[in-house]
Amino acid sequence: MLRHCSCSQWMHSCEVMGASWTHIWREEFRVNKLQLLTSKPELLLQPRWDIPPLMWLLYRGFMLVYTVSWLIYIAILFNTPKFLIYVSHISYCLMVIYYLVAFCNLAWAFLKVRCSSHRKKRGDSSECETLLSPPVASLCLQWFLHSMMGCFSLTVTIVYWTLIHTSDQDFLTVFNIHAINSIQTTVDLLLSSTPVHLAHLFYAMLTGLLYVMFVVVYWLMGCTNKSGQPYIYSILDLSERPLVATLCILGVSLFFIPSCYFVLWNMQLLREWVASREKVRRMALKREVWWWVKVSGRATFDPVPSLDPAASVFKARGQPLRLTEDQQSQSITLV
């Protein structure tokens, strides 16, 4: 009986998820989805789950140090500026810049929220209105880099291990740049609240087109790779195998990049679906509590501003609202 009930609930859940997936798919094909501006900037800053703020900041810092260290090691290993002609290294540079921007934005938000909280305690409410204006350009850059990093990390992993890999390379370096990068991308997507819009595939396609143009110009100018050969990758040898190179370019541009981005979009939907399940809902992040209690260092019995689901925590207005017992149980301060 219980098994039958569980199966029925599971089937119903799948049906609901399927209907929701179709609806979201239709909503993705709108011009406004191309924007890199969001009405809720905290989605680009906060985790999706109830991770303590200090731990989340340390995670961002660790990933930044880890990727920067590997990038420096690769640059020293190649000992030539030509290491930047490879798309795997370019995508890793994008990852480094993403973690740098994400860490700086998060640190900024923490400082602003803390500062705002202390000013309110001192009664300087007039200055708090301008404290929480987010750095729009920096947040747009973070969202753009998140889309590029995720798409190209998965694409690099698939294309490298299926078409390019040879056994005469340093395995540890190769594995980190062409496998761990995708694991990092997946973990970041599943842990963070960053949205993924299919319309942002346009930016990935445009970036891919720029790299193709670079490959062609690099070949036309007679430049060579680090081994002195007249191509960047052997599969892109436009002199000896123009047909193979053209098919590879078209395959990566028109199939692998869109497919990998589609995977990222579905992973985001899966993350949101799991977070909405009753059994794991308590693990999902509550924005008001996370920002105005845990990040700000406010006591659990202090009032928290009521917040419309469509509003941003950085523009929260309204009457104070006491924490419920469930919210108080979640309220562990930053320090």
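**A tour from Ser147 to the second largest pocket**

Select Ser147: beyond residues up to four places away in sequence, Ser147 touches His200 and Tyr261 (contact means heavy atoms within 4.5 Å). This is a predicted model, where local features need pLDDT of at least 70, side-chain atom pairs count only at pLDDT 80 or more, and totals for chains, interfaces and linings use all residues. Residues are numbered from 1 along each chain as its sequence is written, and side-chain values use heavy atoms, with hydrogens and water left out.

Stay on Ser147. Its place is in helix α5, residues 136–164 (helices are DSSP runs of H or I, at least four residues, numbered from the N terminus). Ser147 counts as buried because its relative accessibility is 5% (buried means under 20% relative accessible area, exposed over 50%, partly exposed in between, with a 1.4 Å probe and protein chains only).

Next, select Thr224. Find it in the loop between α7 (201–220) and α8 (242–276). Thr224 is partly exposed, at 23% relative accessible area. Now add Lys82, 142 residues away along the chain. The two C-alpha atoms are 8.8 Å apart. The side chains of Thr224 and Lys82 make a polar contact of 3.0 Å (a pair of N or O atoms within 3.5 Å; within protein, one must be able to donate a hydrogen and the other to accept it, and residues adjacent in sequence count only if both atoms are side-chain atoms). Leaving aside neighbours within four places in sequence, Thr224 also has contacts that include Ile85, Tyr218 and Pro230.

Notes:
Helices (H or I, at least four residues) and strands (E, at least two) are DSSP runs, numbered from the N terminus.
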